[in-house]
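Biologist: I would like a close look at one part of this model, the salt bridges around one loop. Start there, and then work outwards.

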Amino acid sequence: MINLAFESSCDDFSCAVLSKDAAVLENGNVQILSNIVYSQDYVHGIYGGVVPELASRNHVKAFLPAFRIALSEAGITLKDVNLISATAGPGLVGSLLIGLMCAKTISYALDIPLAPVNHIEGHIFSPFLEISETEEMFPFVALVISGGHTHLYLVKSHSDIKLIGKTRDDASGELFDKISNYLGFGYPGGRIVDELAEKGDKDAFKFPLPMMHSKNLDMSFSGLKTAVVTTIGGFGGPGKIKENTVYDIFASLREAAAELLYKKTSEACSLYKVKTVTVSGGVSANSRIRKIFKENGEKSGLKIIFPSLKYATDNAAMIGYAGFFKNSVDPSALRSEFLNINADPSWEL
Ligand code: KG4
Ligand code: ZN
């Protein structure tokens with residue numbers, strides 16, 4: 001089975017082609033034939049964040065080249081496609097509409113079933129693009145950390161996903177982006193903070209973590225952001241603070257965020273008696289978060305699975321992966337229902 005997938009929920013346009021043996025409906029064994037991603041970081045960088053109208057306009061430009069290259073790299077034509085998958089939400093409505101309408105058009109014109117996929121579902125299962133999932137891995141705890149999400153889920157199956165904790169304010173990616181912006185390092189800030197943190201001392205500052213000891217699985221990052229901004233102010237503010245102090249702040253900030261994320265995730269595992277954890281979304285590219293989760297997880301007997309860096313940030317391959325499972329549930333419903341599918345910017349799992 002050949003699956004053509006689209007992702008355009010925010011500022012990246014992506015088109016992928018995946019293949020899976022139709023006779024083998026058990027989990028895993030998906031082959032990624034192509035995964036083209038057009039990043040718009042250079043467009044939004046100067047504004048310090050995503051400008052929705054510009055994101056939509058650039059998706060319109062990216063669609064045809066991404067689509068053509070994805071097909072040619074995969075060595076297929078549209079005649080080979082049996083399934084189309086597209087992100088239907090959550091995200092920016094203008095952005096979502098571009099990818100979804102392209103998908104609906106191809107689906108309608110060629111009578112190919114269309115699977116609408118929740119973007120977060122795509123992230124949750126993204127580690128399995130490269131590591132085959134097995135029955136023993138379920139149920140697992142999924143931590144999704146991105147520019148808009150910092151959510152914990154209990155995943156019992158592909159169709160049984162329950163939200164068990166989340167940030168009450170900023171997302172973890174937002175924290176990195178805002179601090180980077182504040183200091184003039186640009187957007188998106190996560191990778192920049194991560195790289196510069198390598199030059200700093202993680203123990204230089206002890207930042208407060210408001211919900212670290214709360215009795216539930218919720219988190220908060222805005223208090224951490226305020227503490228960092230106040231600390232920067234104490235050194236004279238952006239432009240006056242010394243380079244080495246900035247590196248120390250980045251290292252201490254990254255450490256605090258990683259500690260909070262690990263603590264809440266391990267608490268979720270104890271509470272639900274789960275031994276497998278997936279960590280995904282753009283922030284899962286963070287080198288310190290990867291290290292802390294791997295080291296502490298090993299000590300506690302937890303199996304921690306990350307996607308490789310290219311599948312951590314937004315991509316269509318993860319949307320195609322989730323789409324396969326919708327198709328295996330009810331292909332005829334996908335075919336008949338597709339005209340009712342619409343973009344839902346606040347679609348909650
Ligand atoms: O999943 P994603 O590509 O898009 C959303 O769905 O939001 O995540 C983007 C987020 C941004 O906030 C970016 O700063 C962050 O992922 N990010 C990182 C790193 N690389 C990207 N955050 C921390 N460390 C990184 N290495
Ligand atoms: Zn995302």
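Biologist: Is Arg168 buried or exposed, and what is its relative accessible area?

Modeller: The model is predicted. Arg168 is exposed: its relative accessible area is 54%, and the cut-off for that label is over 50%. Its side chain meets that of Asp218 in a salt bridge, 3.0 Å from N to O. The two partners come from distant parts of the chain, 50 residues apart. Arg168 sits in the loop between strand E8 (160–166) and helix H5 (172–182). Asp218 sits in the loop between helix H6 (189–197) and helix H7 (222–234). Asp218 is buried, at 18% relative accessible area. The bridge therefore pairs an exposed arginine with a buried aspartate.

The loop between E8 and H5 also holds Asp170. This residue forms a salt bridge with Lys225, and the closest N and O atoms are 2.8 Å apart. Lys225 belongs to helix H7, so the pair ties together parts that lie 55 residues apart in sequence. Here both ends are buried. Asp170 has a relative accessible area of 8%. For Lys225 the value is 19%, and buried means under 20%. The contact is part of a network: salt bridges with shared partners join Asp170, Glu174, Lys178 and Lys225.

Next comes helix H5, which follows this loop. Its buried residues are Ser172, Gly173, Leu175, Phe176, Asp177, Ile179 and Ser180. The spacing is worth a thought. An α-helix has 3.6 residues a turn, so residues three or four places apart point the same way. Ser172, Leu175, Phe176 and Ile179 are among the buried set. What covers the buried residues of H5 includes strand E6 (140–145), strand E7 (150–157), H6, H7 and helix H8 (243–272). H7 thus appears twice: it is part of that cover, and it carries Lys225. After H5 comes Gly184, with a positive phi near 80 degrees.

Now step back from the loop. The structure holds 13 salt bridges. Another one joins Lys326 and Glu121, with the closest N and O atoms 3.0 Å apart. Lys326 is in helix H11 and Glu121 in helix H4, 205 residues apart. Lys326 is partly exposed at 24% relative accessibility, whereas Glu121 is buried at 6%.

Helix H4 leads to the metal site. The zinc ion (ligand 2) is coordinated by His119 (NE2), His123 (NE2) and Asp314 (OD), at 2.1 Å. In sequence the donor residues are spaced H-x3-H-x190-D. His119 lies in helix H4 (residues 119–125), and Asp314 lies in the loop between helix H10 (309–312) and helix H11 (316–329). That pair therefore ties together parts 195 residues apart. Both His119 and Asp314 are buried.

Check the geometry. The four donor atoms subtend angles of 92 to 145 degrees at the zinc ion (ligand 2). A tetrahedral label needs all angles between 85 and 135 degrees. The upper value, 145 degrees, breaks that rule, so the arrangement counts as irregular.

Last, the cysteines. The structure holds zero disulfides. Cys102 is in none, and the nearest cysteine sulfur, that of Cys15, is 9.0 Å away. A disulfide needs sulfur atoms within 2.5 Å. Cys102 is buried, with a relative accessible area of 13%. Cys269 is buried as well, at 3%.

Note on methods:
Residues numbered from 1 in each chain as written. Chains lettered and ligands numbered in written order. Predicted model: local features only at pLDDT ≥ 70, side-chain atom pairs only at ≥ 80, totals over all residues. Heavy atoms only, no water. Donors = N, O, S within 2.8 Å, 3.2 Å for Na, K, Ca; no water. Tetrahedral: all angles 85-135°; square planar, octahedral: opposite > 155°, others 65-115°. Helix = DSSP H or I, 4+ residues; strand = E, 2+ residues; numbered from the N terminus. Buried < 20%, exposed > 50% of the residue type's maximum accessible area, 1.4 Å probe, protein only. Salt bridge = Lys/Arg side-chain N within 4 Å of Asp/Glu carboxyl O. Contact = heavy atoms within 4.5 Å.
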